[in-house]
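Biologist: Before we start, I would like the reasons behind the labels. Please show me the structure.

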Amino acid sequence: MNIHEYQAKRILSQYGIKIPKGGVAYTPTEAKKVASRASSKGPWMLKAQIQSGARSTGYFLEKSAGHRGGIRLVKSRKEIVKQAEEMLGSTLVTVQTGPKGKPVSRLYVEAYTRVGQIFYAGVAVERVSAALTLLVAPIKDEEITNLAINHPEKILRVPLDLEGETTKEQVKEVMEFLKLPPRSAKSLERFINGLHRVFLDYDAQMIEINPVGVQRNGELVALDAKISFDDNALYRHGDISRLRDDYETSERELQAAKYKFNYSEFDGSIGCIVNGDGIALAAMDLLREKGVGTACFLNVKGGVDKDKIASGIKIIMTNPRVEGILINVLGGFLRCNLIADGIISAASEVGLNVPLVVRFEGTNKDEAKEILQKSKLPIIMAETMEEAVNLLVQAVEESD
Amino acid sequence: MSILVNKETRVVCQGITGTQATFHIRRSLDYGTKVVSGVTPGKGGEMHLGLPVFNTVKEAVAETGANASVMYVPAPFVKSAVKEAVEAELDLAVCIADSVPLKDMLEIKSMLKGAKTRLIGPNTPGIITPGEARLGIFPENIHTPGKIGVVSRSSTLTYEAVLETTRAGEGQSTVIGLGDDMLIGMDFVEVLERFHADKNTKAIVLIGQLGGTFEEVAAAYYKGLKKKKPVIAFVAGNAIPFGHKMGYAGDVITRGHISTQDKKDAFAEAGVIVVDNINDIHLRLSEL
């Protein structure tokens, strides 16, 4: 789960990390008020609060929002109102949002902070070695992902412990790597400690501060902040769960999340219902080989209750992009007959208007096939995944 | 022969009185697995499925000589369940639950360092040595004893890989699902090592997927082996566009490698037989 920049900054500042003075605004008038509190004479930063990176290089879909991006430097009070009017209620498109963009319902208004050197700082988990890792890199124009792919040696990786105790040596290592001035030492120590503890205390999955700025007095300031939390640990953080912003999430994604299913949307035309991410990936690969894209996939995991499964199947059936449905289930934990019951119950509620190919294997497979055959629904049965994909592609072409 | 589990393995089930555990332990017993006891805190002294139930793993080990555990406990309790298994010095612990918190897994991984216990999972179908022992949730009817080792990071694709061995007219020595989660216990390297040491395994089917660098590490290990058994690999995830939210964003900054193609290239370079279509595995197996 992700939260907004202003929420992330609030958490970080509680852990001693310095952030620019500012506040959140839902209206242009509010923006002006918040700006006055943040700085008496400016300039200010107006930042669109959507959960996406690369907001500054993004653009708004609406002409009325002007041609500037989602992060704007503003020099006068009058300008604040004008720019806020442009941005609020408009739709911001970034490289991460997809062409539909995301609606901007609030702005974060900050005092502009003058800094010299800037750098990237993050905390993430390296999977193979299972190491909690602090990552820092000097950045100029290059995006951190590009840097990681093209020049991984330019990123310093420091393993962190699970107690939240950063050592003096680690701080020194970062100081030297980034060539920070000696007067930044104290501030850097507080900064790293803060990130380390926020990650552990809040069950984060990843924290990114991009960029951190170094002020003239050596103080480090988090100019941006991104925290994503581990969904699997939200049950022990009621305060974080309440920050969830459903405004940006599609109705179908919300439905799927309600039943704890994995649901992902893409640009293609086939809906896949599976019981594992791996099998979803493999099915998508096969579809792509046949020149067909995936519209969405729903992983019902071990979802053992027939009604839950029916609700999941309905999510796929009601996605307007979907021109054909592939159900590929290898039952282990999940029993195939429950999926069969779910299909029938979903089809009777929302109707089955597109070709549906089903492939069952594993636990209670024969029982499941029998249930579908008895239902007299126009369902095509397949024995292997490849056959299922071929039959579906064929059926969709014929139904056009 | 087989790896990690066989008909001599004495299994204790953690969380035995739960619904899923009851369903699957009954099937494992029917399959011939030597399940000797169960553990459910607070239910010590009871009998379940004809097996004695204990409050702790230590008691179960002392009383019934268990050396491996299969746990069906829900995610929030996985950390303490693994801790018990490690402290009881079991050889193997198999964790079926999905959605284990990342921080708990970080602590579990640190707990496992230097420990005797090997962990399979979490979020795995488990491990099965056909005809001998089933620890997990595998649909047993698709397996036959044989000479192909199967190891997979994706739960459901494990079954798919097993079906491919059957299509090639082969059976399996041992089948292992490593688990679908961000952090997992045993990895490809540890399993490849054991399959290479197992006389009965003549070839290995390996299923990788997008995310992490488990495949790259496995490829490097395999490349360095002097005596190689044939490995046929499939890696899922080619169709996922770069930057899609699926998977862990931290992978890129921690390691740089990101695409399925990178993994396939690493395998091919190491001498692994790579297939682009999972349903081609049986063809490559027949050619061996």
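**Labels and their reasons**

Modeller: B:C13 is buried, because its relative accessible area is 0% and buried means under 20% (exposed is over 50%, partly exposed in between; 1.4 Å probe, protein chains only). This is a predicted model, in which local features need pLDDT of at least 70, side-chain atom pairs count only at pLDDT 80 or more, and totals for chains, interfaces and linings use all residues. Residues are numbered from 1 along each chain as its sequence is written, chains are lettered from A and ligands numbered from 1 in the order in which they are written, and side-chain values use heavy atoms, with hydrogens and water left out.

Biologist: Why is A:C296 in no bond with the closest cysteine sulfur?

Modeller: A disulfide is a pair of cysteine sulfur atoms within 2.5 Å. The sulfur of A:C296 lies 7.6 Å from that of A:C272, its closest cysteine sulfur, so the two are too far apart for a bond. Over all chains the rule gives 0 disulfides. B:C13 is in no disulfide either, with the nearest cysteine sulfur, that of B:C95, 12 Å away.

Biologist: What makes A:C296 count as buried or exposed?

Modeller: Its relative accessibility is 0%, so A:C296 counts as buried.

Biologist: Which residues make up the lining of the second largest pocket: how many nonpolar, polar and charged?

Modeller: The lining has 7 nonpolar, 3 polar and 6 charged residues. Ala, Val, Leu, Ile, Met, Phe, Trp, Tyr, Cys and Pro count as nonpolar, Asp, Glu, Lys and Arg as charged, and the others, Gly among them, as polar. A pocket is an open set of points on a 1 Å grid over the protein atoms alone, where a 1.4 Å probe fits, with protein on both sides within 12 Å along at least five of seven lines; lining residues have an atom within 4 Å of a point.
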